[in-house]
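Trainee: I've never looked at this one before. Could you walk me through how to read it?

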Amino acid sequence: MKTMTIKKGVVALAAAGFFAVANAADEGTFTKLDVNADGYISAEESTADEALYKDWAKVDANADGQVDAAEFSAFEAAPEAK
């Protein structure tokens, strides 16, 4: 019983580590694109990433003229973004 609990804990930690690395990679890209460091990617800043620029209207889900970290993460996670 204890062995099974330990194995589940190890699996959970491995999964958490994977997602932390994935989020860090996304955050790094987001930070690079957010040139003025205001926490958003503007339409002008998006021109540095062809796919983001091309899909701007779809990525800017709330149509506020800027992409926040959550919108960018959703864009990065979408299979067509690859």
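Mentor: Let's go from the overall layout to the core, and then to two aspartates. Keep in mind that this is a predicted model.

Trainee: Fine. How many helices and strands are there in the chain?

Mentor: Start by listing the elements. Here you'll find five helices and two strands, and from the N terminus they come in the order α-β-α-α-α-β-α.

Trainee: What share of the residues count as buried?

Mentor: Of the chain's 82 residues, 23% are buried. As for the outside, the chain exposes about 5900 Å², with carbon and sulfur atoms supplying 64% of that area.

Trainee: And how do I read contacts along the sequence?

Mentor: Take the contacts between residues at least 6 apart in sequence: 31% of them join residues at least 24 apart.

Trainee: Now the core. Which residues make up the largest nonpolar core?

Mentor: The general idea is that in soluble globular proteins, nonpolar side chains tend to be buried together. In this chain the largest such core has nine residues: Phe 30, Leu 33, Ile 41, Leu 52, Trp 56, Val 59, Val 67, Phe 72 and Phe 75. Two or more of them come from each of α1 (2-33), α4 (56-59) and α5 (69-77).

Trainee: Can we zoom in on one member? What does Val 59 touch, leaving out residues up to four places away in sequence?

Mentor: Val 59 touches Leu 52, Val 67, Glu 71 and Phe 75. Leu 52, Val 67 and Phe 75 are core residues too.

Trainee: You promised aspartates. Where does Asp 49 lie?

Mentor: Asp 49 sits in the loop between α2 (43-46) and α3 (50-54). Its side chain reaches the backbone nitrogen of Leu 52 at 2.8 Å. Past its neighbours up to four places away, Asp 49 touches Leu 33 and Phe 75. You can also compare sequence with space: Asp 49 and Thr 29 are 20 residues apart in sequence, and their C-alpha atoms are 9.8 Å apart.

Trainee: And Asp 60: is it buried or exposed?

Mentor: Buried, yet it has no salt bridge. A salt bridge would need a Lys or Arg side-chain nitrogen within 4 Å, but the nearest side chain of opposite charge, Lys 58, is 14 Å away.

Trainee: Then which backbone nitrogen lies 2.8 Å from a polar atom of the Asp 60 side chain?

Mentor: That of Gly 65. Asp 60 is in the loop between α4 and β2 (66-67). Setting aside neighbours within four places, Asp 60 contacts Gly 65, Gln 66, Val 67 and Glu 71.

Key. Residues are numbered from 1 along each chain as its sequence is written. This is a predicted model: local features need pLDDT of at least 70, side-chain atom pairs count only at pLDDT 80 or more; totals for chains, interfaces and linings use all residues. Side-chain values use heavy atoms; hydrogens and water are left out. A nonpolar core is a set of buried Ala, Val, Leu, Ile, Met, Phe, Trp, Tyr and Cys residues joined through side-chain atoms within 4.5 Å. Buried means under 20% relative accessible area, exposed over 50%, partly exposed in between (1.4 Å probe, protein chains only). Helices (H or I, at least four residues) and strands (E, at least two) are DSSP runs, numbered from the N terminus. Contact means heavy atoms within 4.5 Å. Accessible areas come from the Shrake-Rupley method with a 1.4 Å probe; for residues, only the protein chains shown count as cover. A polar contact is a pair of N or O atoms within 3.5 Å; within protein, one must be able to donate a hydrogen and the other to accept it, and residues adjacent in sequence count only if both atoms are side-chain atoms. Lys and Arg count as positive and Asp and Glu as negative; His and the chain ends are not counted.
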